[in-house]
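Reader: I'd like to learn how to read a sheet and a core in a model like this. Can you walk me through it?

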Amino acid sequence: MKARGLGGLVYSTEHGRMCPGCSQPIERCRCAAEQAPPPGDGVVRVRRETKGRNGKGVTTVAGVPLPAAELAAFAKRLRQRCGSGGTVKDGVIEVQGDHVDVLMAELAKTGWTVKRAGG
């Protein structure tokens, strides 16, 4: 039995490459337009968290007004600047370690309003 919604047309001789998500030609893809940045108040918040991480400190950056693909690239740049690992989960950048001051300085260079959240 074929699983529904998992396959689809990926190339057409008439249109060329097709988007597997919306089945439209890549030039008219609707998927990219749907992935707009999440609405927020325009403030990027940086905080240090240890809750749920067995005492290990993680610096989180929330409220960055970028789409998902650009957010991942931006997070990589921040992690390289700090020299540590991390990830992006649900639109929140997590960087391992206590790098609040470094990240606030980097984010301020981009021109966004940056606030330190938490204590």
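Author: Sure, and keep in mind that this is a predicted model. Let's start with one pair of strands: E3, residues 43–49, pairs with E7 in the parallel sense, over four bridges.

Reader: What holds paired strands together in general?

Author: Strands of a sheet pair through backbone hydrogen bonds, either parallel or antiparallel. In the E3 and E7 pair, Val46 stands opposite Arg116 of E7.

Reader: What is the order of the strands in the open sheet?

Author: Reading across, you get E5-E6-E4-E3-E7, five strands with mixed pairing. E5 (86–89) and E7 (113–116) each have a single partner strand, so they stand at the edges with one side lacking a neighbour in the sheet. On average, neighbouring strands are turned by 20 degrees against each other, ignoring direction.

Reader: Which strands does helix H2 lie across?

Author: H2, residues 68–82, lies across E5 and E6 (92–96), and runs at about 20 degrees to E6.

Reader: And how should I think about a core?

Author: In soluble globular proteins, nonpolar side chains tend to be buried together. Here the largest nonpolar core has 16 residues, and those with the most contacts inside it include Val46, Phe74, Ile93 and Leu103. E3, H2, E6 and helix H3 (100–109) each give two or more residues to this core. H2 supplies the largest share, five residues.

Reader: Which residues does Leu103 touch?

Author: Leaving out residues up to four places away in sequence, Leu103 touches Val46, Thr59, Val61, Leu78, Cys82 and Val95. Val46 takes us back to the start: that's the residue opposite Arg116 in E7.

Definitions and conventions
Residues numbered from 1 in each chain as written. Predicted model: local features only at pLDDT ≥ 70, side-chain atom pairs only at ≥ 80, totals over all residues. Heavy atoms only, no water. Pairing = 2+ DSSP bridges. Axes fitted to C-alpha atoms, helices over the stretch in contact; angles between N-to-C directions. Contact = heavy atoms within 4.5 Å. Core = buried A, V, L, I, M, F, W, Y, C linked by side-chain atoms within 4.5 Å. Buried < 20%, exposed > 50% of the residue type's maximum accessible area, 1.4 Å probe, protein only.
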